Amino acid sequence: MLVEKNLGSHVNRVLVVDCEEQLQIQRLRARDGGTIAQAQAILDAQALRSARLKAADDVIRNDADMSAIRDQVATLHKRYLELAQQPRA
């Protein structure tokens, strides 16, 4: 929503959770039981993947197993805690 509403200037950092479009379509179809066209329509209603990635300060790749995702989250969590301790400019 930050990208779609152009609200990125209201936050300190933007985190995007990303995967390839084909995987998004597969997951949408599995979740909703819909067609490829329906899944594509859902994606088309969102900001373009390229726009989300361009707006991102950090990206979590959501195309691996959960342990890999947990590792990415843990790394970013540590980084965000460090950033939170820094004085604001």
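## Salt bridges, pocket and surface of a predicted model

The structure holds eight salt bridges. The model is a predicted one, and the description below begins with the charged pairs around Asp 18 and then turns to the pocket and to the segment before β1.

**The charged network**

Three of the salt bridges are set out here with the closest nitrogen-to-oxygen separation of each pair.

| Basic residue | Acidic residue | N to O distance |
|---|---|---|
| Arg 49 | Asp 18 | 2.6 Å |
| Arg 61 | Asp 18 | 2.4 Å |
| Arg 61 | Glu 20 | 3.8 Å |

Asp 18 is the acidic partner in the pair with Arg 49. Because Arg 49 belongs to helix α3 (residues 49-55) and Asp 18 to strand β1, this salt bridge ties together parts that are 31 residues apart in sequence. Is Asp 18 buried or exposed? Its relative accessible area is 3%, so Asp 18 is buried, the limit for that class being under 20%. Arg 49, in contrast, has 24% relative accessibility and therefore counts as partly exposed.

Asp 18 also meets the side chain of Arg 61 in a salt bridge. This second pair links distant parts of the chain, with Arg 61 in strand β2 (residues 58-61) and Asp 18 in strand β1, 43 residues apart. Arg 61 has a relative accessible area of 25% and is therefore partly exposed.

Arg 61 forms a further salt bridge with Glu 20. Since Glu 20 sits in the loop between β1 and α1 while Arg 61 lies in strand β2, the pair ties together parts that are 41 residues apart in sequence. Glu 20 is itself partly exposed, at a relative accessible area of 43%. Through shared partners, salt bridges join Asp 18, Glu 20, Arg 49, Arg 61 and Asp 63 into one network.

**The largest pocket**

The largest pocket encloses about 450 Å³ of space. Which residues lie nearest its centre? Of the 19 residues in the lining, these are Val 16, Val 17, Gln 24, Gln 46 and Arg 52. Strand β1 and helix α1 each contribute at least two residues to the lining of this pocket.

Gln 24, one of the residues nearest the pocket centre, is part of helix α1 (residues 21-32). With 18% relative accessibility, Gln 24 counts as buried, because buried means under 20%. Leaving aside residues up to four places away in sequence, Gln 24 touches Cys 19, Leu 43 and Arg 52. Of these contacts, Arg 52 is also listed among the residues nearest the pocket centre.

**The segment before β1**

Asn 6 and Leu 7 both precede strand β1: Asn 6 is found in the segment before it, and Leu 7 is placed in the segment before β1 (15-18). What is the phi of Asn 6? The angle is near 55 degrees, a positive value in a residue other than glycine. Asn 6 is exposed, its relative accessible area being 67%, where exposed means over 50%.

Leu 7 is partly exposed, with a relative accessible area of 34%. Together with Leu 2 and Val 11, Leu 7 forms a nonpolar patch on the surface. The accessible area of these three residues together is about 190 Å².

Terms used: Residues are numbered from 1 along each chain as its sequence is written. This is a predicted model: local features need pLDDT of at least 70, side-chain atom pairs count only at pLDDT 80 or more; totals for chains, interfaces and linings use all residues. Side-chain values use heavy atoms; hydrogens and water are left out. Helices (H or I, at least four residues) and strands (E, at least two) are DSSP runs, numbered from the N terminus. Buried means under 20% relative accessible area, exposed over 50%, partly exposed in between (1.4 Å probe, protein chains only). Contact means heavy atoms within 4.5 Å. Patches are made of residues with over 30% relative accessible area and no salt bridge: like charges are joined within 9 Å, nonpolar side chains (Val, Leu, Ile, Met, Phe, Trp, Tyr) within 5 Å. Accessible areas come from the Shrake-Rupley method with a 1.4 Å probe; for residues, only the protein chains shown count as cover. A salt bridge is a side-chain nitrogen of Lys or Arg within 4 Å of a carboxyl oxygen of Asp or Glu. On a 1 Å grid over the protein atoms alone, a cavity is a set of points where a 1.4 Å probe fits but cannot get out, and a pocket is an open set with protein on both sides within 12 Å along at least five of seven lines; lining residues have an atom within 4 Å of a point. Grid points are joined across faces, edges and corners, and a volume is the space filled by probe spheres set on the points.
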